[in-house]
Amino acid sequence: MRDHHRKLIKKKNIIEKYNSSFEYYDDRYRSIQLQKYELAFKGANFQSKLILDAGCGTGLLYTHLSKHVSKSKCARSNFICLDISLNMLKKIKIKEEFKEEKAHISLILSDMENLPFRGNFFDLIVSITSLQNLPDIFQGVSELIRISKRGTEFYLSILKKDTRLKKLISKFKPYFNDFMMINNEELEDSIIQGKLM
Ligand SMILES: C[S@@+](CC[C@H](N)C(=O)[O-])C[C@H]1O[C@@H](n2cnc3c(N)ncnc32)[C@H](O)[C@@H]1O
C-alpha cells in the first residue's frame with residue numbers, strides 16, 4: 001500500500017511538472033528531440049499504419065514527420081497521440097499541422113501504465129523520452145506490448161541514466177525480433193527498436 005501511494009505521488013508530480021513546462025518545452029527541447037527522431041526513424045515507414053505515440057508531449061514528432069518525412073512514407077497513416085499532461089496535449093491542438101484538413105491525428109489524455117485500448121490494435125508504437133517518467137516502467141512496457149499486434153514495430157527511447165534500463169532490456173528483449181539498441185554518444189537516450197514476435 002505504501003509503495004502504491006509512493007507511485008501515485010510520483011505520477012502526480014510528473015503531471016504537475018509537464019503541465020507547468022508546456023509553454024517553453026518546444027523551445028528548450030525541440031533540437032534535442034529532433035536528433036533522436038532522425039536516428040530512431042531512419043528508414044522507418046509509417047504508411048497505412050495505426051501508430052501510437054505514447055507520451056507524445058507537445059507533438060514534436062508528429063510535426064517533424066509531417067514536415068520532413070516524404071508524403072508516401074506517411075500516406076494513410078493514423079496517429080494517436082497519448083499523454084498524461086493535459087497542457088502538453090492542448091499545445092498540439094493549436095499547432096498548424098494539427099489544424100490541417102488532412103491531419104490524421106487523435107489526442108488522448110491517459111496514462112501509459114493503464115492504456116485505454118483493446119489488445120492486438122496498433123501497428124507501430126513510438127515512445128520517445130517518456131518511459132523514464134513511469135513509476136512502474138515494466139507495467140508501461142507490458143501495456144504497450146498488450147495493445148500491439150504480432151509484427152508491430154517498436155521505437156522506444158529512454159534516458160541512459162535510468163537505473164531500470166538494463167533490467168528492462170533483459171526482461172523484454174525475448175519478445176522481439178530484430179531487436180536493436182542504438183547508443184549514440186551525443187544523445188542522452190538509448191534508442192530501442194524491434195518487431196514484436
Ligand atoms: C520528455 S517529454 C517527451 C515528449 C515527446 N515524446 C517528445 O519527443 O518531445 C515526456 C512526456 O511523457 C509524458 N508522460 C509522463 N508520464 C506519463 C504517463 N504515465 N503516461 C503518459 N504520458 C506520460 C509527459 O507528460 C511528457 O509529455
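**Exercise 1.** Find the distance between Ser130 and the ligand, then state how much of the ligand the protein buries.

*Solution.* A polar side-chain atom of Ser130 lies 3.3 Å from an oxygen atom of the ligand, where a polar contact is a pair of N or O atoms within 3.5 Å. Taken alone, the ligand exposes 590 Å², and the protein buries 97% of that; accessible areas come from the Shrake-Rupley method with a 1.4 Å probe. The model is predicted: local features need pLDDT of at least 70, side-chain atom pairs count only at pLDDT 80 or more, and totals for chains, interfaces and linings use all residues. Residues are numbered from 1 along each chain as its sequence is written, and side-chain values use heavy atoms, with hydrogens and water left out.

**Exercise 2.** Identify the polar atoms that Tyr25 and Ile84 place by the ligand.

*Solution.* For Tyr25, a polar side-chain atom is 2.7 Å from an oxygen atom of the ligand. For Ile84, a backbone N or O atom is 3.3 Å from a nitrogen atom of the ligand.

**Exercise 3.** Describe the shell around the ligand.

*Solution.* There are 21 residues around the ligand (a heavy atom within 4 Å). Tyr25, Tyr37, Gly55, Asp83 and Ile128 come nearest. By class, the shell has eleven nonpolar, eight polar and two charged residues. Helix α1 (residues 2–40) gives the most, with five residues; helices are DSSP runs (H or I) of at least four residues.

**Exercise 4.** Locate Asp3 and its salt-bridge partner in helix α1.

*Solution.* The side chains of Asp3 and Lys7 form a salt bridge at 3.6 Å, N to O (Lys or Arg side-chain nitrogen within 4 Å of an Asp or Glu carboxyl oxygen). Because these two residues are four apart in helix α1, about one helical turn separates Asp3 and Lys7. The count by this rule is 17 salt bridges.

How values were computed:
Polar contact = N/O pair within 3.5 Å; in protein donor to acceptor, adjacent residues only side chain to side chain. Nonpolar A, V, L, I, M, F, W, Y, C, P; charged D, E, K, R; others polar.
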